[in-house]
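Take a walk through this structure, from its domains to one helix and then to the contact between chains.

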Amino acid sequence: MSTTTTEPTAAPAAGARRLGTIGREYGIVIFFLILFVGLSLSTSTFLQERNLLNILDQSAPLGIIACAVTICMVCGIFDLSTGAIYGLSAVVACKVANAASPDVGVLAGVLCGLALGLVNAIVIHLTRINSFIGTLATSIVFRGGALLVTGGSIVTVLDEHFTTLGTSDLLGAKYSVWVFGAFFLITAFVLARTTFGRYVYAVGGNEEAARLSGVRTAVIRGACYALSGLAAGIAGVLAASRTASAQADLGVGLELSAIAAAVVGGTSILGGEGAVWRGVLGVLTLAIIGNGFDLLNIDSTYQQLVQGVLILTAVAADQLLRRRQR
Amino acid sequence: MTAEQITTAGAGDVRPRVEAIELSKRFGGVQAVRAVSVAIAAGSVHGLVGENGAGKSTLSKMIGGVHAPDGGQLRVDGEAVSFGSPRDALRHGIAMIAQEIALVPAATVVENVFLGLEPARGSVVRRRELRRRFDALNERTGFGLPADAPARSLRTADQQKVEILRAIARDARVVLMDEPTAALTADETQRLLTTIRALAAEGTSVVLVSHFLEEVLDVCDTVSIMRDGALVRTAPAADETPQTLVDAMIGRALDVMVPPRRSAPSDAPVVLEARGLRRTGVLEDISLQLHAGEILGLAGLVGSGRSEVARALFGADRISAGEVLIDGSVVRLRGPRDAVRRGIAMLPESRKDQGLLMLRSVRENASLATVSQLSRGGIVRRGAERVQTRDLAGRVDLRAASLEQPIVSLSGGNQQKVLFAKWLARRPSVLIADEPTRGVDVGAKSQIHELLVELAAGGMAVLLISSEIEEVLGLSHRVLVMRAGRIVAEYAAQDATQETVMRAAFAAPTRAS
């Protein structure tokens, strides 16, 4: 009798735990779908192709950065310099576009991002400081660099060819949307299917175990910084191309939005866990909340309130469910 | 309050201050303490000795409220108590001083001593009153600690005194110390022992857990000897000698059958050699040779430098002097990666902190050291990875519902098997196994023993580190014993007994035979 009574009590506990795991793994997907369906039903404009493509286009720069920032977070790195790299790359792209040609400008902007990412990697490897503080410091340096380059004024590109990337269409969608899509697919593949991706999870999950297994942890971490810089460079070029201009304070706070998006998507701030699609889903969730406020004509003040609460909820849920799992 | 304490602490007081009656504690499958009864008299220094894992720390932690006993009773001044936390224990006058010193480094000595007890008016600390109380304590104990020095500027022995003052400031009448002299120099140790005697003379009871038998005999009134979780005897220290203590400690029954050992390879080549390795302050003059097909046991007390030898041979820690030779040629190991590439594998001491990616799957953990070999163009060939993982899981007899299940959901024994699988995938020529069966259930333990013997029989050189002397003796062809960062003895398997190894580890004088 006593053995039979223990079983029904054990089963719901296991069921509840499974439900908890599903909630943690896919809670954000469910939330996104509810939001998506809700907005589709409550507005006539949300589901229109133009609106959806517009959301994707608007999200492209942040989305690209969020892909890379998610990989950094899985590796146990916080990169707070992506906003500054984005700004400096945009400025460099515009300057070079004016000096040489628009195509060279685009290339220069992207390479600038990659180079700054490598600077982060080297500085942090040599000083052995925490990524959070290290990239906070370099971001201030990068912003200073952007101010030096622009002298505080807006840089405008006159050659219209420069705006192709940001404003022209290809097969019905903006170039930026295609770039975003491609970057997402590549980074998702890299994290999920390559040896590099495996090592990223290993370094973020247990650095000592990774080191003792023969993983070159410094190289893996360095590559994450470089990737993050590259992403910010591409995003900065897209933004500059959109308006054919750039200024030193472009993208202030973008780094935090990218981290927030990764967290909302369900990537752990403790490292070792997460996926690129989660970062993108986080970006899109925050974007359609903004879009929904616009379409429903709700005071945009509330928008920040909702987004902030969402970030808190995501982090709290992660911690709570992790603790229960132990 | 102090006056009353001192009067009740007279030597004529017959009632023990703390009494443990049949205390038991189980951790998972391991019975750490079995029905131990000990009485600690007021104003006495009571030693607790035993080999690694004998249960002495667990017993003192139950008295200190860190662990709740599974069975038995604890009495303080004759009254039954049950502690939910060290805080509860402190309320009954029992303070625990852990191995790791827990001071606020930047705060001053006074601030540390009275942390959480500051005399205050409103919320403003009454500094003069604080100082007055500190001076009184300092005078009473004769410590003479500098009141305003930051704690981090003190020597370790003085930091321990701060901990002791902190305990006394909280009216502790029983102070539990777990290996307090392990990190001290000879001079500092003497000072601490003097302090302990002074405390006892004042009426405080001190429980001293220590590996240093001479010290224990020197300072204690009474000694309790533990073996295999049980109490062997409690006797006046004056009746014991280091020999009698060691004799009583050894003889733990091995809880699993050791597989039959193949005879030691006589002319097998040396695959790994250390010559005069030194890591300043940790290791001194470590030289050893490891032959193919041999299991070389490394015994010694916890903290004697066994794991440090393993880490130095694996390139995980920098060495200050000496050289490592692999297959007869000197190599410079810049990190574990170099060692791994040269065919060395290491199962680290702590599975969880140094071995596993707890949230990742069995498959990802098992392929971590070989994933680049399983890839083409940087892309993991998942089919090949699955095949390899399945093969290895079979070889180590892994019991898991699925290879995709997160490793955190496996038992300790199965987690350890996954780490074996990870290294077997690389077919290493040397395997360093640091505590391969710690926290592993009996069944998995004997499987791991069999696996080690089988690997050695297949030509692998195995360096086996274990706190269980019986395990080392049962599996090794040769045994090295370490003490205080040095290799102090070497025995062929047939010459090594628990007694000889323990004597070497404890540095107890050898009896004339």
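**Domains, a helix and a contact**

In this predicted model, the C-alpha centres of domain 1 of chain B and domain 2 of chain B lie 35 Å apart. Domain 1 of chain B covers 2-249. Domain 2 of chain B is made of two segments, 253-343 and 463-507. The two domains touch: eight residues of domain 1 of chain B are in contact with nine residues of domain 2 of chain B. On the domain 1 side, four of these residues are nonpolar, three are polar and one is charged.

Now turn to chain A. Helix α5 of chain A runs over residues 131-150. Its 20 residues should span 28 Å, because each residue adds 1.5 Å along a helix. The end C-alpha atoms are 28 Å apart, so the expectation and the model agree. Many positions along α5(A) are named as buried, including A:S131, A:T135, A:T138, A:F142, A:R143 and A:A146. An α-helix has 3.6 residues a turn, so residues three or four places apart point the same way. What do the buried residues of α5(A) pack against? Their partners in chain A are α3 (82-99), α4 (102-127) and β1 (155-156). After α5(A) comes A:G151, with a positive phi near 65 degrees.

Last, the contact between the chains. Chain B brings 23 residues and chain A brings 18 residues. On the chain B side, α11 (336-341), α12 (351-355) and β20 (379-380) each supply at least two residues. Which of the elements gives the most? It is α11(B), with four residues. By class, the chain B side holds 13 nonpolar, five polar and five charged residues.

Notes:
Residues numbered from 1 in each chain as written. Chains lettered and ligands numbered in written order. Predicted model: local features only at pLDDT ≥ 70, side-chain atom pairs only at ≥ 80, totals over all residues. Contact = placed C-beta atoms within 7 Å. Nonpolar A, V, L, I, M, F, W, Y, C, P; charged D, E, K, R; others polar. Expected span 1.5 Å × (residues − 1). Buried ≥ 20, exposed ≤ 12 C-beta atoms within 10 Å, placed from the backbone. Domains from an automatic or database assignment.
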